[in-house]
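Here's a quick briefing to read alongside the model. Have the sequence and the 3D view open while you go through it.

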Amino acid sequence: MTLTATVKTLASLCESSAQNIAIHIVAETGSTNADLLSEVGRLTGPTLLWAESQTAGKGRAGRNWHSSAGATLTFSLAWKFDLPAQALAGLSLAVGVVVAEALTSFGVAASLKWPNDVLKDGDKLAGILIETAVDKDDRSAIWTIIGIGINLAQAEQLSEQLGRAVADAPELLAQREPVMAALLNRFSVALPAFEQHGFSAFAAAWNALDAYGGLDVNILDQGKILHSGTAAGVDDAGRLLLDTADGRIAIVAGDVSLRTA
């Protein structure tokens, strides 16, 4: 299928709520997030940039995101919020809920790891990176660039490359357009809900998908253990709740690692 035909197919699968999302698909680019960030001043509405391959994809904390043509679903969605930057706290967790629920609707056993990893069988299946830019014409609004990468194949090869186990979802290889449409349909409803209610509207759904709830974990920062305790889900602000020997605390940032006996 040509890229033009894929755009038409995807558009035909989108529900009315997602029809205002401009769809762009390219064979290869460096980073879909970087491309959309550079276009913010010219964007007129929600915009999808889907790349069959990214050569300079980015992950959280400046890490590289590895993708190859045919083996990953990599895209970015530009969305404008009439909110101050501080009101976007918890957005990455809400996005994780959207992605996990969309994948689950296709039979993928997806779960979530705080703050924004999507897992399958305990290994990372998808990653999320959100970047922001101020709207130059409306200082009260902010553009978010929501970057998402989903592994569809070659998990074993990618695991060797990264030195850690990752998951894939080969059952989705023949369903790229329906999966992308399902994501856009869900985002077109979820992002306005986030703008109106914040993360509190997604907290229960996040906790229902929590892969580490009730498990003993360490909270790490650059490999150093900051806290240890039992994971107790997230609160309405998206903070990780941790039951420690000194009582329950709320974690704002850090990496979660399962604590082995």
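What follows covers the nonpolar cores, the helix packing and the strand hairpins.

Keep in mind that this is a predicted model. Its largest nonpolar core counts 65 residues, and helix α3 is the top contributor to this core. Helix α5 is a good one to follow, as it packs with both α1 and α3.

**Nonpolar cores**

- As a general backdrop, nonpolar side chains in soluble globular proteins tend to be buried together.
- Within the 65-residue core, Leu48 and Ile150 have the most contacts.
- Helix α3, spanning residues 91-104, puts ten residues into this core, the most of any contributor.
- A separate core of eight residues lies apart from the largest one, and its members include Val40, Leu49, Ala133 and Trp143.
- Leaving out residues up to four places away in sequence, Leu48 touches Leu10, Ile21, Ala22, Ile23, His24, Phe75, Ser76, Leu77, Met180 and Leu184.

**α1 against α5**

- Helix α1 (residues 3-13) packs on helix α5 (residues 176-197) at about 50°, and their axes are 9 Å apart.
- That angle makes the two helices oblique to each other.
- The crossing of α1 and α5 is right-handed.
- On the α1 side, the contact uses Thr6, Thr9, Leu10 and Leu13; α5 answers with Glu177, Pro178, Met180, Ala181, Leu184 and Asn185.
- Leu10, Met180 and Leu184 may look familiar: they are among the residues that Leu48 touches.

**α3 against α5**

- Here the axes sit 10 Å apart and the packing angle is about 150°.
- Angles over 145 degrees count as roughly antiparallel, so that is how α3 and α5 run relative to each other.
- This crossing is right-handed too.
- From α3, the residues involved are Leu91, Ala94, Val95, Val98, Val99, Glu101 and Ala102.
- They meet Leu183, Arg186, Phe187, Ala190, Leu191 and Phe194 of α5.

**Hairpins around β9**

- Strands β8 (residues 216-221) and β9 (residues 224-234) pair antiparallel through six bridges, and one bridge pair is Asp221 with Lys224 of β9.
- Two residues separate β8 from β9 in their hairpin, and Gln222 in the turn has a positive phi of about 55°.
- β9 also runs antiparallel to strand β10 (residues 240-244), joined to it by three bridges, with Ala231 opposite Leu242 of β10.
- The β9–β10 hairpin has five residues between its strands, and Gly238 there takes a positive phi near 90°.

Conventions: Residues are numbered from 1 along each chain as its sequence is written. This is a predicted model: local features need pLDDT of at least 70, side-chain atom pairs count only at pLDDT 80 or more; totals for chains, interfaces and linings use all residues. Side-chain values use heavy atoms; hydrogens and water are left out. A nonpolar core is a set of buried Ala, Val, Leu, Ile, Met, Phe, Trp, Tyr and Cys residues joined through side-chain atoms within 4.5 Å. Buried means under 20% relative accessible area, exposed over 50%, partly exposed in between (1.4 Å probe, protein chains only). Helices (H or I, at least four residues) and strands (E, at least two) are DSSP runs, numbered from the N terminus. Contact means heavy atoms within 4.5 Å. Two strands pair if DSSP finds at least two bridges between them. Axes are lines fitted to C-alpha atoms, for helices over the stretch in contact, and angles run from 0 to 180 degrees between N-to-C directions. Angles under 35 degrees count as roughly parallel, over 145 as roughly antiparallel, 65 to 115 as roughly perpendicular and the rest as oblique. A crossing is left-handed if the near helix is turned anticlockwise from the far one by less than a right angle, and right-handed if clockwise.
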